[in-house]
Amino acid sequence: MSDLWLISVPVDNTSSTSVEKLKHTIAKTNLATCCKFSIPDLKVGILDSLLSVSDDLSKIDTQIESVIKKTCQCMKEVMEQASDKVLENTLANGVDLMSYVTTFQWDKAKYSTALPLSILADIINKEISQVETELKSQAAGYNSVKMNLQSLEHKLEGNLQTRSMIDVVKKEDLVVSEYLTTLLVVVTRANYLQWEGTYESLSEFVVPRSSRKLYEDEEGGVFAVTLFKRSVLDFKAKGVFVRWLKMHFSEMFIAWIHLKALRVFVESVLRYGLPVNYQALLLQTNKKGSKRLRKELSLLFTHLDPTATASKADVRGLYQQEYFPYVCFQINTNMLEIS
């Protein structure tokens with residue numbers, strides 16, 4: 001498992017020399033990979049307000065990571081035995097998470113650099129809060145219909161002629177042969193139109209016009225769809241709810257990396273002062289090499305704060321974190337292991 005560290009140091013002669021030494025050391029020892037992390041010039045505003053903005057960003061950071069974890073967990077549960085395909089759906093802008101972070105470019109159209117830092121933080125906060133609310137609603141509706149589906153399946157376990165749900169599910173609704181099978185799919189009411197318009201494209205082996213609504217309550221319905229057995233896992237991995245989760249995961253992860261960039265910028269101004277003059281680097285290491293890398297970083301940048309130690313806590317505000325002589329924030333891109 002890789003660790004991503006987003007660090008910043010001031011642009012001065014000593015620090016620049018240390019950065020070159022760092023690049024030489026990690027190239028020689030393979031402790032990590034190092035690349036520049038591009039953060040645009042942002043609007044600093046009033047310095048006195050930066051501490052408050054820093055605390056707000058820390059809270060939002062915690063919230064975003066929590067919602068991302070819930071989204072991944074929900075994706076796992078919905079895809080069931082197709083959970084090996086979850087990784088394929090945790091993308092950002094259509095690319096894997098590591099590629100997105102290492103080639104990060106600030107989205108000026110969505111997060112204008114002309115806006116104050118507090119407004120940018122508020123935009124991200126509202127975006128995440130809305131997704132979190134929608135996720136709760138979507139998951140609740142999905143789970144409600146799923147429970148009714150499980151009850152339906154339980155009642156359908158006996159002989160077809162004696163089932164209590166014979167008026168809901170007829171023998172001809174369930175196609176089972178050597179090559180074909182019928183899936184019962186939970187669809188919330190909000191996704192009915194999307195289901196009807198897309199189910200045939202979820203796999204190339206879906207039988208055309210085979211969708212039939214078998215059951216419905218106030219939350220949604222259970223649809224039967226016929227497809228080739230070999231495409232069941234692929235179909236589950238591309239379901240309507242999975243598509244919703246995939247789209248919003250991408251949006252949240254993108255917002256999260258923008259927020260990390262905001263935190264680096266704010267912390268760099270607080271640490272190194274004005275005018276804004278720092279360089280941000282992205283380090284990718286692993287658990288095995290992380291201790292040695294921390295030691296190298298401490299040796300190279302101890303001049304920034306000789307009193308700093310890895311165990312020293314940054315106690316500004318309620319949210320504590322490890323304190324280093326340089327600015328450092330971690331990014332966890334392995335979402336499948338943090339759920």
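So, Leu51: at 43% relative accessibility it counts as partly exposed, because that label covers values between buried, under 20% relative accessible area, and exposed, over 50%, with a 1.4 Å probe and protein chains only. Leu51 sits in helix α2; helices here are DSSP runs of H or I with at least four residues, strands are E runs of at least two, and both are numbered from the N terminus. Its C-alpha is 8.9 Å from that of Glu267, although the two are 216 residues apart along the chain.

Quick caveats: this is a predicted model, where local features need pLDDT of at least 70 and side-chain atom pairs count only at pLDDT 80 or more, while totals for chains, interfaces and linings use all residues. Residues are numbered from 1 along each chain as its sequence is written, and side-chain values use heavy atoms, with hydrogens and water left out.

Okay, the core. The largest nonpolar core (buried Ala, Val, Leu, Ile, Met, Phe, Trp, Tyr and Cys joined through side-chain atoms within 4.5 Å) has 61 residues, and Phe37, Phe253 and Phe265 are among those with the most contacts inside it. Helix α8 gives the largest share, 18 residues. Leaving aside neighbours within four places in sequence, Phe265 has contacts (heavy atoms within 4.5 Å) including Ile39, Leu117 and Tyr278.

Last up, α9. Which residues of α9 are buried? Gly289, Ser290, Leu293, Arg294, Glu296, Leu297, Leu300 and Phe301. Their cover includes β1, α1, β8 and β11. At the N-terminal end, Asn286 is the cap, with a side-chain oxygen 3.1 Å from the backbone nitrogen of Lys288.

Methods. Polar contact = N/O pair within 3.5 Å; in protein donor to acceptor, adjacent residues only side chain to side chain.
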